[in-house]
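Trainee: Could you take me slowly through the pairing of strands in this model, and then carry on to how its helices and chains meet?

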Amino acid sequence: MNYYVETILVYAGVDIIACLALNLQFGVSGIVNFSFIVFQAAGAYTAAVLSMPPDTASGMSFQHYVLGLQLPFPIPWLGGALVGGLLAIPVGVLLLRRLRSDYQAIALLVLSVIVNTVITNYRPLFNGAAGLSVIPPPLSERIDPYTATYQYLYVGITFVCCLLVLFVANRIVNSPYGRTLRAMREHELAASALGKNLVALKMTVFVVGGIIAGLSGAILVGFISYWAPITWLYPETIVLFAAIIVGGRGNNLGAILGGLLVPLGFEEITRFIPTGFGPPGLGPAIQWVAIGLLIIGFLWFRPKGVLPEPRRVFNEAGIEESPFMEVRAS
Amino acid sequence: MDLYIAAFGFGLVSLSVIAIAAVGFTMQFGITNVINLAYSSVMISSVYVAYAFNHAGVSIWLALIAGAIFGAVFSFLLNRVLYTPFQRKGTSLLGMVIVSLATSLMIQNVLLAIAGPYNVSYVQPSGGTIRLGAIVLTVVQVLVIGIAVVLMLAIHALLTFTRLGKAMRATAANPTLARNCGIPTGRVIDVVWLITGALCGIAGVVAGMNSDTFAVGNGPGYLITIIAAAVLGGAGQPYGAMLGAVLIGEMTELSAAAISADYKEVVAFAVLVLVMVLRPQGLLAKRGALAAAG
C-alpha cells in the first residue's frame, strides 16, 4: 500500500513537471506542441542508456541499445534534459519558422507518430518495439531500491525537481520575456510589428520546454525501470493537453492542478471501475472517451479552465497606484 | 528493375486509395475551414462497418456502399453536432484542431472496444490476376483503380459543371459574400460533409480491400499519408490533392521496394516536412481562401 502511495506521488511529480513545460509552450506561447511526448521519451531513453551497463554485459544480452555508459546518478538525468533540449532545436528549425500555426500543430502530430514508428521498427537504437527494461534506478548502487527509505528519497528528489521547474516557469511567465511570449500568443502579427523576433521567441520556449520534458522523462524512467514505444504513443500528449485545458491555459498553478486532476486522476479512478463486464477493451475506451469529453466540454463551457490565467492589469505608466485612480479594465 | 516496375504497379493502386481519401480531406478543409483530424477515425470506422456487413454474408461491393453511406452520415453528424457549433462560437483554427483530435481519439477507442485489436480481412472473390509486363495486379486492385478514376472524374464534373459545385467554390472563396449572393452556405456545407464523408468511407473500404489484413490501429497511418498528399498539393485544393496522391502513392511504394515497407509512412513524412519547409503553400498554389497563407 505504501508503495502505491509513493508511486502515485512520483507519477504526480512527473505529470506536474510535464504540464508546466507544456504550459510554457501551449498555454503561454500558443505553440501547439503535439509531439511533446517525443521530448519526454528522448529524455527517458537518454537517461536509460546513460545509466545502463553496455548491452554486451551479462544479463543484458536480451536487448540491444547504444551507449550503456553506467554513469552515476545526476548525469543521466542531466543528459536526458540536455537531449530533450537538443532535439527541440532541429524540430523547431524545421517546423516553427515559416509555417502557419495550425500547420505546425499537424506537422508536430505527424512527427510524433513517425518518430514512434521509427523507434519501434529500428531495433539497434533502443531495442525496438520491446523497449528497454531492467534500467537501474538512480543511486541503486548505494541504497537498496526496494527499501522504504529509497522510495521516500525518490519522492523527495522528484518534489525538489518540481519546485525547481515551477520556479523557472514562474520566472519566465512573470518576466518581460514572458510578457512578450503572451503578446505573441495573442497576436503574432502585432508582436512582430513591435519588433519582436517571433522565430527566436518560439525557438527558446521550444528548447526550454524540451529540456524540462526530457527531465520529466528521466525521472519517470528511473522509477519504472522500463521504457518502450508503447509508453509514449501520441495520445499521451493529448492527455497532457487535456490537463492544461482543464487546469487553466497560461497559469502555472492551473497546469499543476491539471496535472494532478487529469493524467493522475483518470488513471487512478478508472482503476477502480469494476472489470469483468463488457468487452475487454472497455476500460481504456471509457478512459479515452472521458479525456476527449473533458477537452471538448471545457473548450465549450469553460475555455479558460478551472484556474484561469490571471488578468494582468497595468495602471498608467510611471504613476504610482492610488486609490483614487481607476484601474483600466482593458 | 522488374521489382521497381511491380512496385510502380502497386503504387497505382495505393495512389488511387490515397487520392479518394485526400480529396475528401482537402475539400473539408478548403470549403468548411476545418482540419478534420478525425478523418482517419471515420475512415477506419467505415472499414469496420463494411466488415460487419461483409461477414454477415453481404458481397463486398454492397458492403462498400454501406461503408460509404456510414462515412457520409457520420461525417455529417460530426460537423452538425460538433464542428459547426464550435465554429459559430468563434473557436480558433487551432482550437478546432484540438477538438478534432480529441474526437478522433474518442472514435478510435470506442471502435477499438467494439471491434477489438485483431487483424481482420474482408471476404472477397480472389478474381485472378491481370498482367501487364512486370506489373501484376489482382482484379480487385484494378477495380479499385477504376473506382478512383470514376470518382475523380465525378468530383471534377461536380466542381466544374454543376450549380452545387459552383456554390461550393464560392463558399470556399468567401463564405460571407457567397451568402450575400443568395447561396445557402449552410446547406452547401452540409452537402460537402456528406460528399466528403462518402469519399472517406469509400477510401477506407478500398484500402481494406487492397491490404491483406487491417486493424483499428491503422488509422493514424492513413492520416499521415492523407495529410502528406493534401499538403503536398496545396491544402484545400482538390486537384492539388489528386496530384499529391499520385506523388505520395508512387513514392511510398517505390521506397518500400527500395528500403523496407516498414518505413512507408516515414517517406511520406519526409515529403511532408520538405514541402512544409520549402513550399508551405503546396505545389498548386493559388490565391484566395482555398490556398493556405504561406
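Mentor: Two strands are said to pair if DSSP finds at least two bridges between them, and the elements themselves are DSSP runs numbered from the N terminus, helices being H or I over at least four residues and strands E over at least two. The model is predicted, so that local features need pLDDT of at least 70 and side-chain atom pairs count only at pLDDT 80 or more, whereas totals for chains, interfaces and linings use all residues. Residues are numbered from 1 along each chain as its sequence is written, while chains are lettered from A and ligands numbered from 1 in the order in which they are written.

In chain B, β1 (residues 129-132) and β2 (residues 135-138) pair in the antiparallel sense over 4 bridges, with T129(B) having T138(B) as its bridge partner in β2(B). The two strands form a hairpin with 2 residues between them, and G133(B) in the turn has a positive phi of about 65°.

Turning to the chains, 33 residues of chain A are in contact (C-beta atoms, placed from the backbone, within 7 Å) with 33 residues of chain B. On the side of chain A that touches chain B, α3 (74-95), α4 (101-121), α10 (235-247) and α12 (282-301) each supply at least two residues, and α4(A) gives the most, with 12 residues.

Within chain A, the axes of helix α1 (residues 2-28) and helix α9 (residues 198-224) come within 8 Å and cross at roughly 170°.

Methods. Contact = placed C-beta atoms within 7 Å. Axes fitted to C-alpha atoms, helices over the stretch in contact; angles between N-to-C directions.
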